[in-house]
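Work through the exercises below with the sequence and the 3D structure at hand. Each task is followed by a solution in steps.

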Amino acid sequence: MRIFLLIILLSLNISCQRQDCDLEYYPSPPYGNPDYTDYYLFLGNLYKNNLNNNEKAISQYLKIIELEPENFGAYNNAGVFFLDDLQDYEKAEEYLLKGYEIDSDNGYINYNLGRLYNTTGVFEKSIEYFQL
């Protein structure tokens, strides 16, 4: 199923790079499975990176959290989105710390928490997370 989804979403990505597109007209998750979180991750990244639609991008990331509350990657993506794109450091911290609670050994979470605290001037915490 993953290869099928990849083919559909790559063609979607190519068509959206070539023209303005509204993803509302594109296929729903594969085989009608609304719980397929990779689909929402891809759509979120597509809205963010190709279509510059922050509102729709974050809604896709939050959909993953709704479907899989223990998906640390979804918390990481949401945290990075709030950190880099919206500069909402409070929200970034909220999501990144939740991801850290789920998987404190994950390098991405630790790196992004380090970036967050470096950006906000909390250097001791920043060093702590960069060293993990």
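**Exercise 1.** In this predicted model, state which helix holds Q60, whether Q60 is buried or exposed, and which residues Q60 touches beyond four places in sequence.

Solution.
- Step 1. Q60 is found in helix α3, which covers residues 54–67.
- Step 2. The relative accessible area of Q60 is 14%. Buried means under 20%, so Q60 counts as buried.
- Step 3. With residues up to four places away in sequence not counted, Q60 touches Y40, L43, G44 and Y47.

**Exercise 2.** Classify S126 as buried or exposed, and list its contacts outside its neighbours within four places in sequence.

Solution.
- Step 1. S126 is found in helix α7, residues 123–131.
- Step 2. A relative accessible area of 2% makes S126 buried.
- Step 3. Leaving aside neighbours within four places in sequence, S126 is in contact with G114, Y117 and N118.

**Exercise 3.** Describe how helix α4 and helix α6 pack: what is the crossing angle of their axes, what is the handedness of the crossing, and which residues make the contact?

Solution.
- Step 1. Two packed helices are described by the angle between their axes and the distance between the axes.
- Step 2. The axes of α4 (residues 72–85) and α6 (residues 107–119) come within 10 Å and cross at roughly 20°.
- Step 3. Angles under 35 degrees count as roughly parallel, so α4 is roughly parallel to α6.
- Step 4. The crossing of α4 past α6 is left-handed.
- Step 5. On the α4 side, the contact is made by F72, N76, V80, L83 and D84. On the α6 side, Y108, I109, N112, R115, L116 and T119 take part.
- Step 6. Sorted by class, the contact of α4 with α6 has 6 nonpolar, 3 polar and 2 charged residues.

**Exercise 4.** How many salt bridges does a search of the whole structure find? Work through three pairs, those of R115, K48 and E66.

Solution.
- Step 1. The search finds 4 salt bridges. The cut-off for a nitrogen and oxygen pair is within 4 Å.
- Step 2. R115 forms a salt bridge with D84, and the closest N and O atoms are 3.1 Å apart. R115 is in helix α6 and D84 in helix α4, so this pair links distant parts of the chain, 31 residues apart. D84 is partly exposed, at a relative accessible area of 34%. Both R115 and D84 also appear in the α4 and α6 contact of Exercise 3.
- Step 3. K48 pairs with D85, with 3.4 Å between the closest N and O atoms. K48 lies in helix α2 (residues 37–49) and D85 in helix α4, so the salt bridge ties together parts that are 37 residues apart in sequence. D85 is partly exposed, with a relative accessible area of 30%.
- Step 4. E66 pairs with K63, and the closest N and O atoms are 3.8 Å apart. Both residues lie in helix α3, 3 residues apart, about one turn of the helix. E66 is exposed at 58% relative accessible area, whereas K63, at 27%, counts as partly exposed.

**Exercise 5.** Which residues does K48 touch beyond four places in sequence, and what separates the C-alpha atoms of K48 and I58?

Solution.
- Step 1. K48 lies in helix α2.
- Step 2. Not counting residues up to four places away in sequence, K48 touches A57, Y61, F81 and D85. Among them, D85 is the salt-bridge partner of K48.
- Step 3. K48 and I58 are 10 residues apart along the chain, and their C-alpha atoms are separated by 8.2 Å.

Terms used. Residues are numbered from 1 along each chain as its sequence is written. This is a predicted model: local features need pLDDT of at least 70, side-chain atom pairs count only at pLDDT 80 or more; totals for chains, interfaces and linings use all residues. Side-chain values use heavy atoms; hydrogens and water are left out. Axes are lines fitted to C-alpha atoms, for helices over the stretch in contact, and angles run from 0 to 180 degrees between N-to-C directions. Helices (H or I, at least four residues) and strands (E, at least two) are DSSP runs, numbered from the N terminus. Angles under 35 degrees count as roughly parallel, over 145 as roughly antiparallel, 65 to 115 as roughly perpendicular and the rest as oblique. A crossing is left-handed if the near helix is turned anticlockwise from the far one by less than a right angle, and right-handed if clockwise. Contact means heavy atoms within 4.5 Å. Ala, Val, Leu, Ile, Met, Phe, Trp, Tyr, Cys and Pro count as nonpolar, Asp, Glu, Lys and Arg as charged, and the others, Gly among them, as polar. A salt bridge is a side-chain nitrogen of Lys or Arg within 4 Å of a carboxyl oxygen of Asp or Glu. Buried means under 20% relative accessible area, exposed over 50%, partly exposed in between (1.4 Å probe, protein chains only).
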